[in-house]
Amino acid sequence: MTEETPGFEEKPDVPSGATPDDAAEAVEDSAQEDATAPAGDASSQKPAGDVGLTAQLDQVRSALDERTADLQRLQAEYQNYRRRVERDRVTVKEIAVASLLSELLPVLDDVGRARDHGELVGGFKSVAESLETVVAKMGLQQFGKEGEPFDPTIHEALMHSYAPDVTETTCVAILQPGYRIGERTIRPARVAVAEPQPGAAPAKDEKKSADEESGAPEEG
C-alpha cells in the first residue's frame, strides 16, 4: 500500500523505454485534458439550465395571458348583463305604468265630458283636478287638437267629410283625445277629418296656368 506524498502531482504513465521527447509529449497531453475537462462540463450544463428557465417563463406568460383574456371577457359579459337588466327594468316599469293608466282613461274621458258641459264643480272638480295632476306626474300626456293635419300613426278617423277651406286632410273635430307616455301611444286620438273638395285644387291650378299663358298681371 502506497501513500501519496503531499505537494507532489501525480505523474503521467510513461512507457518504459520511451525517449525524453515521448515523455514530454505525454505530460503535455495530460495537462491539456485536465484543463479542458472542467470547462467542457460547465458549458454543457449551463445552456440546459437556461433553456429550462426560459420554458418555464414562457409557460407562466402564456397562463397569465389566458387569465387576463378570461377576466376581460367576464368583465364585458357583466357589463352587458347590467345593461340588459337596466333596460328590462325600465321596460317593465313603462309597461306597468301604461297598463295602469289605460284603466284610468275612461275616468279621464268622463272628467273631460263633465268639463265640456260645465258640470265639473264643487268637490268633484277638486277630485278630478287631483287625478289629472297625478297621471301627469306619471308621464301621461293628452294630444289631439282641431285643425292639425291628420296623422294615421296617432289619429283614428271615425268621421269623414269634404271642406272647401282645407288644403290637406285635417282633423276638424276631436271626438276623443289621445294619450301617450313619452313616445309610447296608449290610445290614438279619435277624430273627424275633412278633405279638400274634389276638383277644387285642379280648378285653381288651371286658372293660374291660363293667366300665365295670357300674360295677364296677377291681382293684388
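**Exercise 1. Surface and burial**

Task: Determine the accessible surface of the protein chain in this predicted model, and the share that belongs to carbon and sulfur atoms.

Solution. The accessible surface of the protein chain comes to about 17300 Å². Of this area, 54% belongs to carbon and sulfur atoms. As a complement, consider burial: the chain has 220 residues, and buried residues make up 14% of them.

**Exercise 2. Order of elements**

Task: State how many helices and strands the protein chain contains, and in which order they run from the N terminus.

Solution. The count gives 3 helices and 6 strands. Read from the N terminus, the order is α-α-β-β-β-β-β-β-α. A further step concerns contacts between residues at least 6 apart in sequence: 65% of them join residues at least 24 apart.

**Exercise 3. The largest nonpolar core**

Task: Identify the residues of the largest nonpolar core and the elements that each supply at least two of them.

Solution. The core holds 10 residues: Val97, Ala98, Leu101, Leu105, Leu108, Val135, Leu140, Tyr179, Ile181 and Ile186. Two elements, α1 (20–116) and β4 (178–181), each supply at least two residues of this core. The largest share, 5 residues, comes from α1.

Next, take Leu105, one of the core residues. With its neighbours within four places in sequence set aside, Leu105 is in contact with Leu140, Tyr179, Ile186 and Arg187. Apart from the largest core lies another core, of 6 residues, including Phe143, Ile154, Cys171 and Ala189.

**Exercise 4. The hairpin of β4 and β5**

Task: Establish whether β4 and β5 pair in the parallel or the antiparallel sense, and describe the residues between the strands.

Solution. Strand β5 covers residues 184–187, and its pairing with β4 is antiparallel, over 3 bridges. Within this pairing, Ile181 stands opposite Arg184 in β5. The hairpin has 2 residues between the strands. In this hairpin, Gly182 takes a positive phi near 65°. The hairpin also bears on the core of Exercise 3, since Ile181 and Ile186 are among the residues of that core.

**Exercise 5. A nonpolar surface patch**

Task: Name the residues of the nonpolar patch on the surface that includes Val85, and classify Val85 as buried, partly exposed or exposed.

Solution. The patch is formed by Tyr78, Tyr81 and Val85, which together have about 310 Å² of accessible area. Val85 lies in helix α1. Its relative accessibility is 37%. Buried requires under 20% and exposed over 50%, with partly exposed in between; therefore Val85 counts as partly exposed.

Technical notes:
Residues numbered from 1 in each chain as written. Predicted model: local features only at pLDDT ≥ 70, side-chain atom pairs only at ≥ 80, totals over all residues. Heavy atoms only, no water. Core = buried A, V, L, I, M, F, W, Y, C linked by side-chain atoms within 4.5 Å. Buried < 20%, exposed > 50% of the residue type's maximum accessible area, 1.4 Å probe, protein only. Helix = DSSP H or I, 4+ residues; strand = E, 2+ residues; numbered from the N terminus. Contact = heavy atoms within 4.5 Å. Pairing = 2+ DSSP bridges. Patch = residues over 30% accessible without salt bridge, like charges linked within 9 Å, V, L, I, M, F, W, Y side chains within 5 Å. Areas by Shrake-Rupley, 256 points an atom, 1.4 Å probe, with all protein chains shown as cover. Salt bridge = Lys/Arg side-chain N within 4 Å of Asp/Glu carboxyl O.
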